[in-house]
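Reader: I have the model open next to the sequence, and I'd like to go through the contacts with you. Could you take my questions as they come?

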Amino acid sequence: MLHEPQTDFNACWKQRFRAPTIPLAQLAKNNPRRGLVMTNTDTSYQLYAWNVATNELTQLTSRVEGISPGFLSPDGRYVYYLDDKQGNEIGHYVRIPFERVVSRKTSRQICHYTPRLL
């Protein structure tokens, strides 16, 4: 006997397609106690500081449209990512401390650009 298909929002088969993914995880080259993770635990991809010793993640970005992959400095002190408008991938790279205080543009003197041209 066939069962009626489950089509509600929380149907088990739908949850599988909304499961968080981790397309980026990296360790600082000269400080492997620090890492950077990009994941979509909420609705969009964000960057997280990863304390490898405690396995704790601290959210660094909070953008509605999500974020492009970031990069961790070799010493693990800074995270770099492209600050673009609404995910169009044209903007400026910013640097934020691993401890996340405030972002700072690293390419102020030039026009907006896409990282594909760098």
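Reader: Which side chain does Arg34 meet in a salt bridge?

Author: In this predicted model, the side chain of Arg34 meets that of Glu99 in a salt bridge, with 2.5 Å from N to O. Arg34 belongs to strand β2 while Glu99 sits in the loop between β7 and β8 (104–105), so the contact ties together parts of the chain that lie 65 residues apart in sequence.

Reader: And Glu99, buried or exposed?

Author: Glu99 counts as exposed, because its relative accessibility is 52% and the cut-off for that class is over 50%.

Reader: How many salt bridges does the structure hold?

Author: The structure holds 4 salt bridges. Apart from the contact already discussed, there is a network of salt bridges that links Arg63, Glu65, Asp83 and Asp84.

Reader: Let's stay with that network; what are the distances for Arg63 with Glu65 and with Asp84?

Author: The side chains of Glu65 and Arg63 meet at 2.6 Å, N to O, and for Asp84 and Arg63 the closest N and O atoms are 3.0 Å apart. The pair of Asp84 and Arg63 links distant parts of the chain, with Asp84 in strand β6 and Arg63 in the loop between β4 (56–59) and β5 (71–72), 21 residues apart.

Reader: How accessible are Arg63, Glu65 and Asp84?

Author: Arg63 is buried, with a relative accessible area of 13%, and Asp84 also counts as buried, at 7% relative accessibility. Glu65 is partly exposed, with a relative accessible area of 38%.

Reader: Switching to rings, how many aromatic pairs are there?

Author: The count comes to 1 aromatic pair. The partners are Phe71 and Tyr93, whose ring centres are 6.3 Å apart and whose planes stand at 50°, so the pair is classed as tilted. Phe71 lies in strand β5 and Tyr93 in strand β7, so this contact ties together parts that are 22 residues apart in sequence.

Reader: What about the burial of Phe71 and Tyr93?

Author: Phe71 is partly exposed, with a relative accessible area of 42%, whereas Tyr93 is buried, at 15%. As for the strand that carries Tyr93, β7 is mostly covered, with 6 of its 7 residues buried.

Reader: Which strand does β7 join, and over how many bridges?

Author: β7 is joined to β6 by 7 bridges, and the two strands run antiparallel. They form a hairpin with 6 residues between them, and Gln86 in that turn has a positive phi of about 50°.

Reader: What is the bridge partner of Tyr78 in β7?

Author: In β7 the bridge partner of Tyr78 is Pro97. The ring of Tyr78 has a further contact, in that the charged end of Arg95 sits over this ring, 4.1 Å from its centre.

Reader: OK, and what is the strand order in the open sheet?

Author: The open sheet has 4 strands in the order β1-β2-β3-β4, with antiparallel pairing. β1 and β4 stand at the edges, each with a single partner strand, so one side of each is left without a neighbour in the sheet. On average, neighbouring strands of this sheet are turned by 25° against each other, direction ignored.

Reader: How many bridges pair β1 and β2?

Author: β1 and β2 pair in the antiparallel sense over 5 bridges, and one of the bridge partners to look up is Met38 in β2, which is matched with Leu24.

Reader: Now the inside: how many residues has the largest nonpolar core?

Author: The largest nonpolar core has 14 residues, and those with the most contacts inside it are Leu36, Leu47, Leu60, Leu72, Val79 and Tyr81. Two or more residues come from each of β1 (24–28), β2 (31–39), β3 (46–51), β6 (78–84) and β7 (91–97).

Reader: Last one, for the overall picture: how many helices and strands are there, and what share of the residues is buried?

Author: The protein has 1 helix and 8 strands, and read along the sequence it follows the pattern α-β-β-β-β-β-β-β-β. Buried residues make up 35% of its 118 residues.

Definitions and conventions
Residues numbered from 1 in each chain as written. Predicted model: local features only at pLDDT ≥ 70, side-chain atom pairs only at ≥ 80, totals over all residues. Heavy atoms only, no water. Core = buried A, V, L, I, M, F, W, Y, C linked by side-chain atoms within 4.5 Å. Buried < 20%, exposed > 50% of the residue type's maximum accessible area, 1.4 Å probe, protein only. Phe/Tyr/Trp six-rings, centres within 6.5 Å; stacked < 30°, edge-to-face > 60°. Lys NZ or Arg CZ within 6 Å of the ring centre and 35° of its normal. Pairing = 2+ DSSP bridges. Axes fitted to C-alpha atoms, helices over the stretch in contact; angles between N-to-C directions.
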